[in-house]
Amino acid sequence: MNNSAANSANVPDIIAEWDTDSDSETIILSDLLIENSTDISGNTDLQYQDQSMDGDDDSYEQSVIDTSNNSSESEDDVVNGTPDRCHVSNPWNHSAKNKHIVITYTNVENDELEVLQELVDMFKLNAHVAWSDSVTHLIVKTLPNGRCIRTKKFINALLLNCFIISLDWAKDCINSKTLLPEVDYIPLEFCGEPSPLVSWRVGRGIINSPMEWTKNCILYLHSSIEFNESYTDIILWAQKAGFVLTNDLEEFNDDYTMRIILADKIGSTNDVRAKLPNKTEITKWICDYKGVTIFLDWFLECLFRYRFVEINHHYQIMKLNSNMIAYTNMDECLFEFEIC
């Protein structure tokens, strides 16, 4: 059944601001061309190969530091459940546990890789340079304020409930010649939220996941997303986070409490498919499919914070109002409207 025909007589009178110069331009995550994940033993040198994202509450600043996902991973790869993680809290007899520990790192400088090499050698740990879903421990070099840089590996570790621990853990383990309890070294996320700790607690069944809402959120990726250099990663992250992905807007229905069309602002191509949807298209999708169109930034912010983030005006390509949201049958409390 064509939703457009069914709703043609009930198109709401929508007056909205069209935001063509939003200050919420989405990040473009650059992938590095890397080999498949490499096991590191005591006889293998760690290599610096990393890529970072800096940002504040409303925008991101791109730089190149963190490795991309394993290039052999498929877009259809879905994580089914969380691998058994070993909590190293007993300072004695780690020999049986060490083989379960797989480390990788992010935002670690070249001269600090020797610390990780010594950690691997001393405790006979497994390690990967590139991301692998077998990773159990992500070691991060934190900022002076003790918070994490936003990287691809950070997202992957959050979604798999891995240990995200500071480089100080590695240094203290070496100095004490003991694998210390990781929970004492879990840092805050870039914005100061405890998402690494929350994710760890979810993975161990201590608390319910604050990402359960994703099961009732259906996502349609606008053609502009395909031009993002991390398009494959975005699909994998959506799957791992529990979002429902669709290639057909006809699948938008009231079974889903949130119906979201994600778009991206791409400036590196003149291809018409890479352009943001216009006001007419966005209005039509509200009327025909009861879906709202927002920037990719919102999706990434939810992942980094490991929780639902209110859809405020910074994420809205076309400024929304209460009348529009009422027409979509979505809960108005999910949105924040700009005060004129």
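Buried means under 20% relative accessible area, exposed over 50%, and partly exposed in between, with a 1.4 Å probe and protein chains only. This is a predicted model, in which local features need pLDDT of at least 70 and side-chain atom pairs count only at pLDDT 80 or more, while totals for chains, interfaces and linings use all residues. Residues are numbered from 1 along each chain as its sequence is written, and side-chain values use heavy atoms, with hydrogens and water left out.

**Whole chain**

Start with everything selected. Of the 340 residues of the protein, 53% count as buried. The secondary structure comes to ten helices and eleven strands; helices (H or I, at least four residues) and strands (E, at least two) are DSSP runs, numbered from the N terminus. The accessible surface is about 15100 Å², and 46% of that belongs to carbon and sulfur atoms. Areas come from the Shrake-Rupley method with a 1.4 Å probe; for residues, only the protein chains shown count as cover. Among contacts (heavy atoms within 4.5 Å) with a separation of 6 or more, residues 24 or more positions apart account for 78%.

**Lysine 124 and strand β3**

Select lysine 124, in the loop between α3 (113-123) and β4. Lysine 124 counts as exposed because its relative accessibility is 64%. Its phi is near 55 degrees, a positive value in a residue other than glycine. Most residues other than glycine have a negative phi.

Next select β3 (residues 102-106), where five of five residues are buried. Val102, Thr104 and Thr106 point one way from β3, and Ile103 and Tyr105 the other way. In a regular strand the side chains alternate between the two faces of the sheet. β3 pairs with β4 (residues 126-127) in the parallel sense over two bridges; two strands pair if DSSP finds at least two bridges between them. Opposite valine 102 stands asparagine 126 in β4.

**Strands β5 and β7**

Move to β7 (residues 163-166). Phe163 and Ile165 on one side of β7, and Ile164 and Ser166 on the other, are all buried. Strand β5 (residues 137-140) runs parallel to β7 and is joined to it by four bridges. For one of these positions, select valine 140: its bridge partner in β7 is serine 166.

**Helix α7**

Select residues 231-241. Nine of the eleven residues of α7 are buried, so this helix is largely enclosed by the rest of the structure. The buried ones are Asp233, Ile234, Ile235, Leu236, Trp237, Ala238, Gln239, Lys240 and Ala241. To see what covers them, add α4 (152-159), β8 (217-221), β9 (244-246) and α9 (296-305), which are included in the cover. After α7 comes glycine 242, with a positive phi near 100 degrees.

**The four-stranded sheet**

Show β9, β8, β10 and β11. These four strands form an open sheet in the order β9-β8-β10-β11, with parallel pairing. β9 and β11 (292-295) are the edge strands, each pairing on one side only. From one strand to the next, the twist averages 35 degrees, where axes are lines fitted to C-alpha atoms, for helices over the stretch in contact, and angles run from 0 to 180 degrees between N-to-C directions. β10 (residues 258-263) pairs with β11 over four bridges in the parallel sense. Here isoleucine 261 has threonine 293 in β11 as its bridge partner.

Just before β11, select lysine 290 in the loop between α8 (279-289) and β11. Its phi is also positive, about 55 degrees, although it is not a glycine. Lysine 290 counts as partly exposed because its relative accessibility is 22%.

**Helix α9 and the cores**

Select α9: ten of its ten residues are buried, including Asp297, Glu301 and Arg305. Tyrosine 306 follows α9 and has a positive phi near 55 degrees.

A nonpolar core is a set of buried Ala, Val, Leu, Ile, Met, Phe, Trp, Tyr and Cys residues joined through side-chain atoms within 4.5 Å. The largest one has 56 residues, and those with the most contacts inside it are Phe243, Met258, Ile260, Leu262, Trp298, Phe299 and Leu303. Its largest share, seven residues, comes from α9. Domain 1 (94-203) and domain 2 (214-315) both give residues to this core, so it lies between them; the domain bounds come from an automatic or database domain assignment.

Finish with a second, separate core of 26 residues, which includes Leu125, Ala127, Cys173 and Trp200.
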